[in-house]
Amino acid sequence: MDKKSILSYLKVGLILALIASICGISIALLNSVTAPIIENNAYLKEQETLSLIYDDATFENLNIDLEESNISKVYVAKKDEVVKGYVYIVSGKNAYGKIELMIGITDGVVTAVEIMTNTQSFGKLVNQYVDNLNDQEINNQNVFDLDVKCGATYGAKLVRSLIAVALEHYQGGFANE
């Protein structure tokens with residue numbers, strides 16, 4: 001290999017390294033600008049969904065030790081210092097995608113289920129399934145009696161199991177309050 005071809009390879013290598021460095025710095029700067037915006041949007045979405053569960057309540061995040069890996073947050077919903085219910089944010093995934101739900105529970109009964117994230121491959125069918133759940137009275141005794149045949153059976157089973165996790169935690173911690 002002659003000296004001219006070695007210099008040519010070095011020149012190409014340095015140019016590519018410079019381009020990669022510029023791209024890396026650009027991505028880092030863009031992330032530093034957009035990360036707070038993304039975080040704020042997630043917070044606003046969470047607050048909006050909380051108001052769908054209990055529309056006239058204030059919410060307090062209960063910073064409790066959550067052993068269940070599916071539960072990420074628990075809120076208590078209050079109106080005029082009277083507890084209206086509890087809101088669970090639960091998530092799970094299967095081979096077809098991830099689901100994150102917000103579940104409202106009052107007196108041991110699921111009052112509302114809202115989808116926060118749904119990446120299931122049959123996501124529209126899972127959304128319809130969750131919409132139909134809001135017309136039913138779901139508690140610990142009948143949660144596993146829910147019909148999951150909706151065209152997205154695995155997604156429906158995941159939703160049903162997430163509701164069961166929230167109900168089980170509620171029974172263990174808040175049912176007697």
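How many of the 177 residues of the protein, in percent, count as buried? The share is 34%. The legends below describe a predicted model.

**Figure 1. Overall fold of the predicted model.** Three helices and five strands make up the secondary structure of the protein. Along the sequence they follow the pattern α-β-β-β-β-β-α-α. The C-alpha atoms fill a box of roughly 85 × 40 × 25 Å along the principal axes. The radius of gyration is 24 Å, whereas a compact globule of 177 residues would have a value near 16 Å. Among contacts with a separation of 6 or more, 47% join residues 24 or more positions apart.

**Figure 2. The stacked pair of Y96 and Y154.** A pair of aromatic rings is described by the distance of the centres and the angle of the planes. The protein has two aromatic pairs. One of them is formed by Y96 and Y154, which are stacked. Their ring centres lie 5.5 Å apart, and the planes meet at 20 degrees. That angle counts as stacked because the limit is under 30 degrees. Y96 belongs to the loop between β3 (82-94) and β4 (97-106). Y154 belongs to helix α3 (residues 153-173). The two residues are 58 residues apart, and the pair links distant parts of the chain. Y96 is partly exposed, at a relative accessible area of 36%.

**Figure 3. The salt bridge between E46 and K73.** The whole structure holds four salt bridges. In this one, the side chains of E46 and K73 meet at 3.2 Å, N to O. E46 sits in helix α1 (residues 3-53), and K73 sits in strand β2 (residues 71-79). The partners are 27 residues apart, and their pairing links distant parts of the chain. Are E46 and K73 buried or partly exposed? E46 has 9% relative accessibility, so it counts as buried. K73 has 28%, so it counts as partly exposed.

**Figure 4. Salt bridges of K79 and K78 in strand β2.** D56 and K79 form a salt bridge, with the closest N and O atoms 3.0 Å apart. D56 lies in the loop between α1 and β1 (58-61) while K79 lies in strand β2, so the bridge ties together parts 23 residues apart in sequence. Both ends are partly exposed: D56 has 35% relative accessibility, and K79 has 37%. D56 and K79 also join K84 in a network of salt bridges. K78 has its own partner, E60, with the closest N and O atoms 3.7 Å apart. K78 is in strand β2 and E60 is in strand β1, so this pair ties together parts 18 residues apart in sequence. E60 is partly exposed, at 40% relative accessibility.

**Figure 5. D80 and E81 in the loop between β2 and β3.** Which sign does phi take at D80? Phi of D80 is positive, at about 55 degrees, although D80 is not a glycine. E81 also has a positive phi, near 65 degrees, and is a residue other than glycine. D80 lies in the loop between β2 and β3. E81 has its place in that loop too. D80 counts as exposed, at 69% relative accessibility. E81 counts as exposed at 68%.

**Figure 6. Buried and exposed residues of helix α2.** Helix α2 (residues 123-133) has the buried residues G123, V126, Y129, V130 and L133. They span an arc of only 115 degrees around the axis, so they are on the same side of α2. What covers them? The cover includes β4, β5 (109-118) and α3. The face turned away from the buried side carries the exposed residues K124 and D131.

**Figure 7. N139 in the loop between α2 and α3.** N139 counts as buried, at 16% relative accessibility. A polar atom of the N139 side chain lies 2.9 Å from the backbone nitrogen of Q141. Leaving aside residues up to four places away in sequence, N139 touches G108 and L167.

Key:
Residues are numbered from 1 along each chain as its sequence is written. This is a predicted model: local features need pLDDT of at least 70, side-chain atom pairs count only at pLDDT 80 or more; totals for chains, interfaces and linings use all residues. Side-chain values use heavy atoms; hydrogens and water are left out. Rings of Phe, Tyr and Trp (its six-membered ring) pair if their centres lie within 6.5 Å; planes under 30 degrees apart count as stacked, over 60 as edge-to-face and the rest as tilted. Helices (H or I, at least four residues) and strands (E, at least two) are DSSP runs, numbered from the N terminus. Buried means under 20% relative accessible area, exposed over 50%, partly exposed in between (1.4 Å probe, protein chains only). The arc is that of the directions from the helix axis to the C-beta atoms. Contact means heavy atoms within 4.5 Å. A polar contact is a pair of N or O atoms within 3.5 Å; within protein, one must be able to donate a hydrogen and the other to accept it, and residues adjacent in sequence count only if both atoms are side-chain atoms. The radius of gyration is taken over C-alpha atoms; the globule rule is 2.2 Å times the number of residues to the power 0.38.
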